[in-house]
Amino acid sequence: MSIRVLIADDHQVVRKGLIYFFQTQSDIEIVGEAGNGEEVLSFLTDKKAVDIVLMDVQMPRMDGIEATQKIHEKFPNVKVLMLTSFSDYNSVIPAIKAGASGYQLKDADPENLAEAIRKVKNGENMVDEKAASHLFRHVSRSEEEEEKAKLRELTKRELDVLKEMVNGKNNKLIAEDLYITEKTVKTHVSNILSKLEVQDRTQAALFAVKYLEK
């Protein structure tokens, strides 16, 4: 049985181009087209059989994100594959949260798009490589910011102690360098380990090497 696809895009030339391409794919059938999210929902409400909605993100009246969320709630058997020009984090994440099973860019190779449709139909989640790369970089930056925020919780004196720890100095040497008691150094070290959420001095030193100077 062919994969039944509904194309949703507010640009007619895009819809016609996709229809023309999919005519070459024997296992993909275009069952309709829509210019906005409201038309998509109307199409599905009329109980017309659809396996996948190939959905643009930015459309008038009802955009692709809102339409995807409503499809996810009202028509759980219908999968959504986003097809858009936007690969940034703020576009990808809302689509995924709304219930999209895939996210592809309009500059993708048509054959890759056809393959993405097949995989989504089979229950796989497909994200375009460029969009996935942007997503990964954003998440990586977010994690790094969370780690750096831990350093900002340290007092100036705790930062001084941490820098001494990076240089491999023990409590006695740190006390001598900073003109404080070993007992005070021990307290600072304990606070540092707690705030950085690490187990020992070595981990604290590695943490500082990785994030302190960035």
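**Pockets, sheet and domains of the predicted model**

In this predicted model, the element that contributes most to the lining of the largest pocket is helix α5, which supplies four residues. Besides α5, which spans residues 110-121, the strand β6, made up of residues 126-127, also provides at least two residues of that lining. The space inside the largest pocket amounts to about 200 Å³, and the residues that line it are Q104, A108, D109, N112, E115, A116, K119, M126, V127, D128 and E129. When these lining residues are sorted by class, five are charged, four are nonpolar and two are polar.

The second largest pocket, with a volume of about 150 Å³, is lined by V14, G17, L18, F21, L83, L105, K106, A108, P110 and L113. Two elements, α1 (residues 12-22) and α5, each give two or more residues to this lining, and the greatest contribution is that of α1, with four residues. The lining of the second largest pocket consists of eight nonpolar residues, one polar residue and one charged residue. Residue A108 appears in the lining of the largest pocket and also in that of the second largest pocket.

The strands are arranged in an open sheet of six, in the order β2-β1-β3-β4-β5-β6, with parallel pairing. Strands β2 (residues 28-34) and β6 occupy the edges of the sheet and have a single partner strand each, so that one side of each is left without a neighbour in the sheet. Within this arrangement, β4, which covers residues 79-84, pairs in the parallel sense with β5, which covers residues 102-105, and four bridges connect the two strands. In this region L81 is found opposite G102, a residue of β5.

The two helices that contribute to the lining of the second largest pocket, α1 and α5, also lie across strands of the sheet. Helix α1 lies across β1 (residues 3-8), β2, β3 (residues 52-55) and β4, and its direction makes an angle of about 165 degrees with β2. Helix α5, for its part, lies across β1, β2, β3, β4, β5 and β6, and runs at about 155 degrees to β4.

At the level of the whole chain, the domain assignment gives domain 1, comprising residues 3-140, and domain 2, comprising residues 143-212. The centres of domain 1 and domain 2, when taken over C-alpha atoms, are separated by 50 Å.

Technical notes:
Residues numbered from 1 in each chain as written. Predicted model: local features only at pLDDT ≥ 70, side-chain atom pairs only at ≥ 80, totals over all residues. Heavy atoms only, no water. 1 Å grid on protein atoms, 1.4 Å probe; cavity = no way out; pocket = protein on both sides within 12 Å on 5 of 7 lines; lining within 4 Å. Points joined across faces, edges and corners; volume = space filled by probe spheres on them. Nonpolar A, V, L, I, M, F, W, Y, C, P; charged D, E, K, R; others polar. Domains from an automatic or database assignment. Pairing = 2+ DSSP bridges. Contact = heavy atoms within 4.5 Å. Axes fitted to C-alpha atoms, helices over the stretch in contact; angles between N-to-C directions.
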